[in-house]
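Dear colleague,

Please find the structure below, handed over for your own work. A summary of the pockets, the surface and the charged contacts follows it.

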Amino acid sequence: MLQKYLLIFLVSMVPLIELRGSILMAVGMDLDYFTALTVSVIGNMLPVPIIYFFARKVLIWGSDKKYIGRFFSYCLEKGEQGGRKLTQRAGRGGLFTALLLFVGIPLPGTGAWTGTLAASFLNMGIRSTTVAVCLGVILAGIIMGVASTLGLHIFGL
């Protein structure tokens with residue numbers, strides 16, 4: 001049982017898959033939802049400070065490198081794009097709520113990694129970024145839990 005929760009924890013830290021994938025896996029493995037949500041939130045939030053303080057610098061550094069440049073440039077563009085969308089939708093004053101919803105609505109490319117990167121581009125501050133992303137991750141976990149459970153029930157899996 002501990003191995004399954006460790007797997008959920010590790011999957012929740014993977015970019016692009018994040019909590020959305022780990023909750024789906026947890027429901028599929030019939031794990032306790034609230035324990036899985038807690039483990040997934042912790043795993044998904046663990047990289048947030050590292051992303052906030054270092055990812056932008058690393059992406060800028062690697063964007064002109066031969067083998068990794070294309071991917072790093074893509075990630076930079078995604079972060080800048082996310083920042084622009086947040087600012088356009090919310091204005092400067094509503095960034096907290098916009099970031100929370102950006103991370104919380106489980107769509108491709110809108111998880112904690114992209115949200116934190118976008119917040120770092122906008123210089124939101126680590127405290128407000130962490131709180132908004134954490135609340136967004138919890139919201140996404142609830143949405144994914146409900147959707148996964150309903151999906152498994154509807155399709156009889």
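**Findings**

Asp-64 counts as exposed, because its relative accessibility is 61% and the exposed class begins over 50%. Please note that this is a predicted model.

The side chain of Asp-64 meets that of Lys-65 in a salt bridge, with an N to O distance of 3.3 Å. Lys-65 has a relative accessible area of 31% and is therefore partly exposed. The structure holds 1 salt bridge, formed by Asp-64 and Lys-65.

Turning to the pockets, the largest pocket encloses about 560 Å³ of space. Its lining comprises 24 residues, and those closest to the centre are Pro-15, Phe-71, Cys-75, Trp-113 and Leu-117. Two or more lining residues come from each of the elements α2 (18–28), α4 (48–62), α5 (69–90) and α7 (112–121). Among these contributors, α4 gives the most, with 6 residues. By class, the lining of the largest pocket consists of 17 nonpolar, 4 polar and 3 charged residues.

The second largest pocket has a volume of about 220 Å³. It is lined by 15 residues, and Lys-85, Leu-86, Arg-89, Phe-102 and Thr-110 lie nearest its centre. At least two lining residues are supplied by each of α5 and α6 (95–104). Here α5 gives the most, with 6 residues. The lining of the second largest pocket divides into 7 nonpolar, 5 polar and 3 charged residues. Helix α5 thus appears in the linings of the largest pocket and of the second largest pocket.

On the surface, there is a nonpolar patch formed by Phe-96, Val-131, Leu-135, Ile-138, Ile-142, Val-146, Leu-150, Ile-154 and Phe-155. Together these residues have about 830 Å² of accessible area. Helix α8 (residues 126–155) gives the most to the patch, with 8 residues. One of the patch residues is Ile-138, which lies in helix α8. Why does Ile-138 count as partly exposed? Its relative accessibility is 31%, and partly exposed residues fall between the 20% limit for buried and the 50% limit for exposed. That value also places Ile-138 within reach of the patch criterion, because patch residues need over 30% relative accessible area.

With kind regards

Key. Residues are numbered from 1 along each chain as its sequence is written. This is a predicted model: local features need pLDDT of at least 70, side-chain atom pairs count only at pLDDT 80 or more; totals for chains, interfaces and linings use all residues. Side-chain values use heavy atoms; hydrogens and water are left out. On a 1 Å grid over the protein atoms alone, a cavity is a set of points where a 1.4 Å probe fits but cannot get out, and a pocket is an open set with protein on both sides within 12 Å along at least five of seven lines; lining residues have an atom within 4 Å of a point. Grid points are joined across faces, edges and corners, and a volume is the space filled by probe spheres set on the points. Helices (H or I, at least four residues) and strands (E, at least two) are DSSP runs, numbered from the N terminus. Ala, Val, Leu, Ile, Met, Phe, Trp, Tyr, Cys and Pro count as nonpolar, Asp, Glu, Lys and Arg as charged, and the others, Gly among them, as polar. Patches are made of residues with over 30% relative accessible area and no salt bridge: like charges are joined within 9 Å, nonpolar side chains (Val, Leu, Ile, Met, Phe, Trp, Tyr) within 5 Å. Accessible areas come from the Shrake-Rupley method with a 1.4 Å probe; for residues, only the protein chains shown count as cover. A salt bridge is a side-chain nitrogen of Lys or Arg within 4 Å of a carboxyl oxygen of Asp or Glu. Buried means under 20% relative accessible area, exposed over 50%, partly exposed in between (1.4 Å probe, protein chains only).
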